[in-house]
Amino acid sequence: MNTYLPNTDNVKPLGRTCFVDNTLWLAFSGSGAAFHFRGTKAKVAFLADDTASIPGNEDNHARVAVYVNGSRVVDEMMDAPRKEFVIFESEQAADCSVEIVKLSESAMSTVGIESISAETKDGIHPTAEKPHYIEFVGDSITCGYGMDDENPEHNFSTRTEDVTRAYSYRTAQALNADYSMVSLSGYGIISGYVNEGEPQKPEQTVPQYYEKLGFSYGKYLGRTPETVKWTFDRQPDLIVINLGTNDDSYALDHADRQEIYRASYTEFLKLVRSKNPQAKILCTLGIMGGRLFPFVEKAVAAYSAETGDRNIACMKFEEQLASDGYTADWHPTAVTHGKAAEKLIGNIKELIGW
């Protein structure tokens, strides 16, 4: 059995990744790698970050999945420093398409692909790029918060996060698009989520990490992802922004706070455009409430008026229904995510013609 490094000679990176110390570092939700081979056996080895060694930290470990020919064959929590899995084994050689996906978000933990081993005569090869590329910028909804826990009284756990069941990943799959997620639960444009009467949380904002590999409380091989600059080498065709749900918990009906959100959103659009000159930008909100959506529209209008950029649009999601249920902390279910994906897919087809 030959062992291969998870570099671009052998795998296609999924989302934002970084090749460090001969491993492929995965931070944001959905990050991973894809490759194909013809052979009789394959194994994948993962390295956890330092959060795996913290006692009582079971709800914050990284969750990883491996798919072979579209079927999930590994779904594991990184509760040990290193784990290795046999992902395929057969007496007869077969063609295998493999995707490795980090199901949980970056804030609580990251993970690395250490190596890929395979019994094959021809090696392993990167999966081809798909015809489209979408970047999703969002919060817990984009991360797939609570997807595997349909009890709204329960709280956050990486064990129940699954980005592949979220509207974002499902949209990319339906449109045959590669994707990148830049999403953090509880984060916003001007504030993270606050309970009524609590002060603003400006430290919990997505824009500050937009130019980074990610953000995490955990360290991988002594590093945190916010210390790594993202290169923007591959330009997305479309950027979907879904931020404002957490800001609304702070802004409420305060006109001054709503205006700060509007102005900050406009500035964020300038940053996004500076890194992605040709991408269509689609600004969305509404799955868990749309009170700030008029200010998203105002932010886009102000941005277009100031810059002359018309390659941008808005779309309001339908708000989740009680009849469709809730997951942990009253987050949307797979049913709600399916409806959101359906609306987003239709809107993208109209905007871009995919």
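Me: Why do strand β14 (residues 280-285) and strand β15 count as paired?

Reply: β14 and β15 are joined in the parallel sense over five bridges. Two strands pair if DSSP finds at least two bridges between them, and five therefore satisfies the criterion. Within this pair, I281 stands opposite I312 of β15. The model is a predicted one, in which local features need pLDDT of at least 70 and side-chain atom pairs count only at pLDDT 80 or more, whereas totals for chains, interfaces and linings use all residues. Residues are numbered from 1 along each chain as its sequence is written, and side-chain values use heavy atoms, with hydrogens and water left out.

Me: What packs on the sheet that contains β14?

Reply: Helix α4 does, touching β11 (132-138), β13 (238-242), β14 and β15, and its direction makes about 150° with that of β14. Helix α6 (residues 334-352) also packs on the sheet, touching β11, β13, β14 and β15, likewise at about 150° to β14. Such angles run from 0 to 180 degrees between N-to-C directions, with axes fitted to C-alpha atoms, for helices over the stretch in contact.

Me: What makes β12 (177-183) and β15 (312-316) edge strands?

Reply: The open sheet has five strands in the order β12-β11-β13-β14-β15, with parallel pairing. β12 and β15 each have a single partner strand, so one side of each lacks a neighbour in the sheet. From one strand to the next the twist averages 20°.

Me: How do you know that β12 is largely enclosed by the rest of the structure?

Reply: Seven of the seven residues of β12 are buried, so the description follows; buried means under 20% relative accessible area (1.4 Å probe, protein chains only), with exposed over 50% and partly exposed in between. In a regular strand the side chains alternate between the two faces of the sheet. In β12, A177, Y179, M181 and S183 point one way, and D178, S180 and V182 point the other. The partner of β12 is β11, paired with it in the parallel sense over seven bridges, and E135 stands opposite S180.

Me: Why is the packing of α4 (residues 255-275) against α5 (residues 293-307) given the class it has?

Reply: Two packed helices are described by the angle between their axes and the distance between the axes. For α4 and α5 the angle is about 50° and the axes are 8 Å apart. Under 35 degrees is roughly parallel, over 145 roughly antiparallel, 65 to 115 roughly perpendicular, and the rest oblique; α4 and α5 are therefore oblique to each other. Their crossing is right-handed, a term used if the near helix is turned clockwise from the far one by less than a right angle, whereas anticlockwise is left-handed. Among the residues that meet are Y261, Y265 and L269 of α4 and F295, V300 and Y303 of α5. By class, this contact holds nine nonpolar, two polar and five charged residues.

Me: What makes α2 and α6 oblique to each other?

Reply: The axes of α2 (residues 167-174) and α6 come within 8 Å and cross at roughly 45°, an angle that falls in none of the named ranges, and the two helices are therefore oblique. This crossing is right-handed as well. From α2 the contact involves Y167, R170, T171 and A174, and from α6 several residues, including H337, L344 and I348.

Me: How do you know that C143 is buried or exposed?

Reply: The relative accessibility of C143 is 0%, so C143 counts as buried. C143 is found in helix α1 (residues 140-143). Leaving out residues up to four places away in sequence, C143 touches several others, among them L103, E161 and S183, where contact means heavy atoms within 4.5 Å. C143 and F28 are 115 residues apart in sequence but 8.6 Å apart in space, C-alpha to C-alpha.

Me: Why is T327 assigned its burial class?

Reply: T327 has a relative accessible area of 0%, and is therefore buried. T327 lies in strand β16 (residues 326-327). Apart from neighbours within four places in sequence, the contacts of T327 include Y145, M147, N151 and P332.

Technical notes. Helix = DSSP H or I, 4+ residues; strand = E, 2+ residues; numbered from the N terminus. Nonpolar A, V, L, I, M, F, W, Y, C, P; charged D, E, K, R; others polar.
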